[in-house]
Amino acid sequence: MEMHIQPDDNPILIQGIPAPIFRSKVLGNENLFCANCHFVLIEGYYPDTFLDVSIQCFTCHEVTSTPPLDAGEILPSTRLVVFPQGKYRIGGTIEYDPMIAVTTNSHLASHNAACAPNEAEFHLDLTPEGLSAVSERFSILSGRTSEMRRAELNRYHKAGRSGSTELPFDWSIWKLEKCVADGVIDVRDQETNVALGRLHVFAKADAMWKHHPRYMKVASEFSNPNSYFHTVGQFVLAAALFSKGLRIGFTIQEEYGHSKPDLYLKSAANKKFYLEFKTPRSLIWEKGTVHNDEAIRQNIRSILKNSSQINRSKPGGYVIMANTPDSGAAVSMKEHTVSFFKSKGWSKRHVAGAITMAYPAISGGLAGFEMPFAWSNVANEHYEDPENPFVQVI
Ligand SMILES: [Zn+2]
């Protein structure tokens, strides 16, 4: 284990006696040694636990620092011990629990700045220039130029189809360009309402997350039009959970060809809780569709019954999103989720619950329109771990 020596102005823990400064309650891991003289600093060292922590060696007085988190990685939301700046002489051995992360104020602050959403003011500019700026931003993220995307939409139109489900972003730009050219933006018109909601949510999510170290990687999934709601929905959900005090991480790697669940939170230094995001095509609005409780029931049941991304080795829950201006959809989604876990929750003991979220309809104009998603979160009372974030925090 290679450590860098250089404390900058971080707090320093001074080893005050010739014994380890920390000893793990869970033994088995190798020790952390002084980078200079190899004296034992931590007996049973867990790298997820000590994040950018500097320790001055009793024997040689050199300072050894543990590595900080990778860019974009999150700190746990709870079970976190934070040292403010200063020097702390520790005159004994502290027994520590590897579940509880230890870090410094400055590391916490820099990670909060990088990994939390930016809540800056945001307005969708409904002019030809404003729309083309939003479209240009989408080109950069998706790697597909507006000409390419418009040509694809035109193929749908030539075939007598709107393309509103298949190319949700491009259809929305096209629809609003038409409204702006005609000088009529009427939110009571369902098509206009849906197009406005989609663009607003996209542009808002982009403004909130574009500074995040993993943003470009996650947003590159916009290159696949089928992933549009899946991608934008993750950003919306992560922002909503941050506003409840939960740090959310974005998954970016695949593991041996198996895709991992999309999002996670950390309930302890070394414990991840996963969220798998689902946006079934049949819950995406299309002109002429009407609220269909039975179709929603089937979708919810099929997702919760058949999905396997959340499992024994990746415990967590599901998130199911609909894009429809119909307010009844949110109610149906919640009811059928409750009823699934009531009757079948025992067969899904590693699934903690599910969040449902319905995309907003815009009422009363754009002024003051934020992201009034209709949410519910439903815990599985049969979840195998007594600590269920769906009950305690989400
Ligand atoms: Zn030393």
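Into which domains is the protein divided? There are domain 1, covering residues 12-115, and domain 2, covering residues 128-392. The centres of domain 1 and domain 2, taken over C-alpha atoms, are separated by 39 Å. Where the two touch, domain 1 brings 18 residues to the contact and domain 2 brings 16 residues. On the side of domain 1 that touches domain 2, you will find eleven nonpolar residues, four polar ones and three charged ones.

Before going further, keep in mind that this model is predicted. Its mean pLDDT is 89, and 93% of the residues reach 70 or more. The start of the chain calls for some care: over residues 1-7 the pLDDT stays under 50. The model does give this stretch 17 contacts beyond four places in sequence. Still, where pLDDT is low, the predicted coordinates should not be read in detail.

Now let us look at one helix, H4, which runs over residues 168-182. H4 has 15 residues, and from its first C-alpha to its last it reaches 21 Å, close to the 21 Å expected at 1.5 Å a residue. Follow H4 from its beginning and you meet a run of buried residues: Pro168, Phe169, Asp170, Trp171, Ser172, Ile173, Trp174, Lys175 and Leu176. What covers them? Among the elements over the buried residues of H4 are helix H2 (128-142) and helix H3 (146-158), together with helix H5 (190-209) and helix H7 (228-242). Just after H4 comes Gly183, which takes a positive phi of about 75°.

Definitions and conventions:
Residues numbered from 1 in each chain as written. Predicted model: local features only at pLDDT ≥ 70, side-chain atom pairs only at ≥ 80, totals over all residues. Helix = DSSP H or I, 4+ residues; strand = E, 2+ residues; numbered from the N terminus. Expected span 1.5 Å × (residues − 1). Buried ≥ 20, exposed ≤ 12 C-beta atoms within 10 Å, placed from the backbone. Contact = placed C-beta atoms within 7 Å. pLDDT = per-residue confidence, 0-100. Domains from an automatic or database assignment. Nonpolar A, V, L, I, M, F, W, Y, C, P; charged D, E, K, R; others polar.
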